[in-house]
There are 2 protein chains.
Amino acid sequence: MFSKSCEYAIKSMIFIAQKSKDGARIGIKDIAKGTDSPQHFIAKIMQVLSRKKLVHSVKGPNGGFYMDNLDLQNSIADIVKAIDGDGLYTDCVLGLHACSAENPCPIHSEYSVIKKNFIKMIENNTIGEFRDNLDAGNFHLKSILSV
Amino acid sequence: MFSKSCEYAIKSMIFIAQKSKDGARIGIKDIAKGTDSPQHFIAKIMQVLSRKKLVHSVKGPNGGFYMDNLDLQNSIADIVKAIDGDGLYTDCVLGLHACSAENPCPIHSEYSVIKKNFIKMIENNTIGEFRDNLDAGNFHLKSILSV
DNA sequence: AATATAAAAGAGTTTTATGTCTTAATTTGA
DNA sequence: TCAAATTAAGACATAAAACTCTTTTATATT
């Protein structure tokens, strides 16, 4: 479904959204800890997200990542597209180079419905919306018992 | 979603289902051609499916793969589980080691619905059911214009 | 029995994804 | 202005997935 990179990206972004209220900056070490992710690896991922303007970053002492109100309006889908590209939108589930309603693979039609719903989900959920729920402890970005 | 191996597996199995009517055997070269797949690679995949009794095979002249009526009743899900394992059923979409309704990741709940529908789809579609539709030209196992 | 055919098996290669480590650039604050 | 902190960037390492090639085994046919 998502690549590992993309999983890390989504978790990191939600984590930053929660922690960077009031303009606070959150460092890569804390993101790694808070999401159970390999620090240097997600550093590269954050660079991509930063270059693509999905998140803000500042170097130096008291630096780190943060989100402004515009950033918070980005959806999960925006992160996915930034990291994994748009294969989720365009690729045939059975790998046909050309698969369409006119020339479909065997499960094109049924998969289309599922894909539509999945895309709707990741497009409708903005990063900001997760913030309050995370605060309330309604969900997690890492397992309770980390291995 | 599916690994490349799994994509090949599904396409190959549907191809065999169509071509092996009346007990005919279909060789690996024909399967590769008919599904636009790398021959030696799918040979290994077919070995797995054969060992797991999802398809029959005979060696020697006039040998090849075929399906009996029982084989035709297997679902796409059976192929998926044989090749990709049950990660699709069990893994958290964000990679949490433990993700459940009690301790969910941010998108656990919404993804659960989608996952349920996807699983329903691959479990309800048996290989045999595709056969007639493929004959009728209703869908394809490779692109019209192969690259 | 010998030969040809085709899958099974195994070893190896290439490519891509994942993960680590080091250095450079920037910024803050003393 | 200097030192410390922190992201950016790049090079490197490891692992997994995808793909290829060769040899072995089984079987049908002559």
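How are H1(A) and H3(A) oriented to each other? In this predicted model, helix H1 (residues 4-19) of chain A packs against helix H3 (residues 39-51) of chain A at an angle of about 75°, and the two axes lie 10 Å apart. Angles of 65 to 115 degrees count as roughly perpendicular, and H1(A) and H3(A) are therefore roughly perpendicular to each other.

On the H1(A) side, the contact is made by A:Ser5, A:Tyr8, A:Ala9, A:Ser12, A:Met13 and A:Ile16. H3(A) contributes A:Phe41, A:Ile42, A:Ile45, A:Met46 and A:Leu49. By class, the residues of this contact comprise nine nonpolar, two polar and no charged.

**Chain A**

Chain A contains eight helices and two strands. Read from the N terminus, its elements follow the order α-α-α-β-β-α-α-α-α-α. The C-alpha trace of chain A spans about 55 × 35 × 30 Å along its principal axes.

Helix H1 of chain A also holds a salt bridge: the side chains of A:Lys4 and A:Glu7 meet at 3.1 Å, N to O. These residues, A:Lys4 and A:Glu7, are three residues apart in H1 of chain A, about one turn of the helix. Over all chains, the count comes to two salt bridges.

**The interface of chain B and chain A**

In the interface, 34 residues of chain B are in contact with 34 residues of chain A. The two chains, B and A, bury about 3,100 Å² between them, with 69% of that area on carbon and sulfur atoms. Within chain B, the residues that lose the most area to chain A are B:Met1, B:Leu94 and B:Pro106, which together account for 19% of what that side buries.

What kinds of polar pairing are counted across the interface of chain B and chain A? There are zero salt bridges between chain B and chain A, but 12 residue pairs are in polar contact, both residues at pLDDT 80 or more.

Two helices of chain B, H1 (4-19) and H7 (108-124), each supply at least two residues of the side that touches chain A. Of the elements of chain B, H7(B) gives the most to that side, with six residues. The classes of the residues on the side of chain B that touches chain A are tabulated below.

| Class, side of chain B that touches chain A | Count |
|---|---|
| Nonpolar | 21 residues |
| Polar | eight residues |
| Charged | five residues |

Charged residues are thus present on the side of chain B that touches chain A, whereas the contact of H1(A) with H3(A) has no charged residues.

Terms used:
Residues numbered from 1 in each chain as written. Chains lettered and ligands numbered in written order. Predicted model: local features only at pLDDT ≥ 70, side-chain atom pairs only at ≥ 80, totals over all residues. Heavy atoms only, no water. Axes fitted to C-alpha atoms, helices over the stretch in contact; angles between N-to-C directions. Helix = DSSP H or I, 4+ residues; strand = E, 2+ residues; numbered from the N terminus. Parallel < 35°, antiparallel > 145°, perpendicular 65-115°, else oblique. Contact = heavy atoms within 4.5 Å. Nonpolar A, V, L, I, M, F, W, Y, C, P; charged D, E, K, R; others polar. Buried area = accessible area lost by both parts, 1.4 Å probe. Salt bridge = Lys/Arg side-chain N within 4 Å of Asp/Glu carboxyl O. Polar contact = N/O pair within 3.5 Å; in protein donor to acceptor, adjacent residues only side chain to side chain.
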